[in-house]
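Here are some notes to read beside the model, written as numbered points. Please keep the sequence and the 3D view open while going through them.

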Amino acid sequence: IEKRLPDFSAYVDPQKANADVVLRYEPSDQGLPYLKVKLIQKKGGNFPMITLKKDITLSGSKPGATLKMYDDDWFGNAVTVVEMDGEIDMDNMEEQLKEIEDNMDGLATKSKTELTE
């Protein structure tokens with residue numbers, strides 16, 4: 001990875017400023033090994049906008065997960081961010097995925113439950 005860092009910095013990293021959508025992984029607010037995942041979507045971009053109807057808190061096993069949506073600035077571009085921090089409860093995965101799916105808009109699915117089927 002370190003060997004390829006100069007090429008990444010020169011050719012790949014600069015492209016994120018012009019991307020319509022970026023999927024970004026960061027350390028979780030709960031600490032590692034958990035992650036925070038951000039779907040960063042440029043407003044007016046060519047990517048169909050995915051939105052949340054409301055913020056969601058999923059409990060059960062630690063650390064749980066939170067999903068939220070907010071507007072932000074990304075390299076001078078107006079963006080909408082859908083963020084998930086933490087981990088869903090694997091013992092209640094189907095129920096929690098259904099709750100997430102029920103609160104998402106903009107998915108180009110054939111049925112309301114296509115993602116959890």
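1. A good place to begin is Lys-43, which counts as partly exposed at 39% relative accessibility, where buried means under 20% relative accessible area, exposed over 50%, and partly exposed in between, with a 1.4 Å probe and protein chains only. This is a predicted model, in which local features need pLDDT of at least 70 and side-chain atom pairs count only at pLDDT 80 or more, while totals for chains, interfaces and linings use all residues. Residues are numbered from 1 along each chain as its sequence is written, and side-chain values use heavy atoms, with hydrogens and water left out.

2. Which residue forms a salt bridge with Lys-43? The partner is Asp-71, with the closest N and O atoms 3.0 Å apart; a salt bridge here is a side-chain nitrogen of Lys or Arg within 4 Å of a carboxyl oxygen of Asp or Glu. The two residues are 28 apart and link distant parts of the chain, since Asp-71 is in strand E5 (residues 65–74) and Lys-43 in the loop between strand E2 (35–42) and strand E3 (51–52). Helices (H or I, at least four residues) and strands (E, at least two) are DSSP runs, numbered from the N terminus. Asp-71 itself is exposed, with a relative accessible area of 54%.

3. Another salt bridge joins Lys-68 and Glu-83, whose closest N and O atoms are 3.8 Å apart. Lys-68 lies in strand E5 and Glu-83 in strand E6 (residues 77–86), so this pair ties together parts that are 15 residues apart in sequence. Lys-68 is partly exposed, with a relative accessible area of 36%, whereas Glu-83 counts as buried at 4% relative accessibility.

4. By the same rule, the count comes to eight salt bridges. One of them brings together the side chains of Arg-4 and Asp-7 at 3.2 Å, N to O; Arg-4 counts as exposed at 52% relative accessibility, and Asp-7 as partly exposed at 33%.

5. Turning to the interior, the largest nonpolar core has eleven residues, including Leu-39, Leu-67, Val-82, Ile-100 and Met-104; such a core is a set of buried Ala, Val, Leu, Ile, Met, Phe, Trp, Tyr and Cys residues joined through side-chain atoms within 4.5 Å. Strands E4 (56–58) and E5 are the elements that give two or more residues to this core. Apart from this core lies another, of five residues, among them Val-22, Ile-40, Trp-74 and Val-81.

6. Leu-67 is worth following further. Not counting residues up to four places away in sequence, Leu-67 touches Leu-52, Asp-55, Ile-56, Leu-58, Glu-83, Met-84 and Ile-100, where contact means heavy atoms within 4.5 Å.

7. Finally, two features of the backbone deserve a look. A cis peptide bond, with omega about 20°, joins Leu-32 and Pro-33, and Pro-33 lies in the loop between strand E1 (21–27) and E2. Phe-75, in the loop between E5 and E6, has a phi near 55°, a positive value in a residue other than glycine. Phe-75 counts as partly exposed, at 49% relative accessibility.
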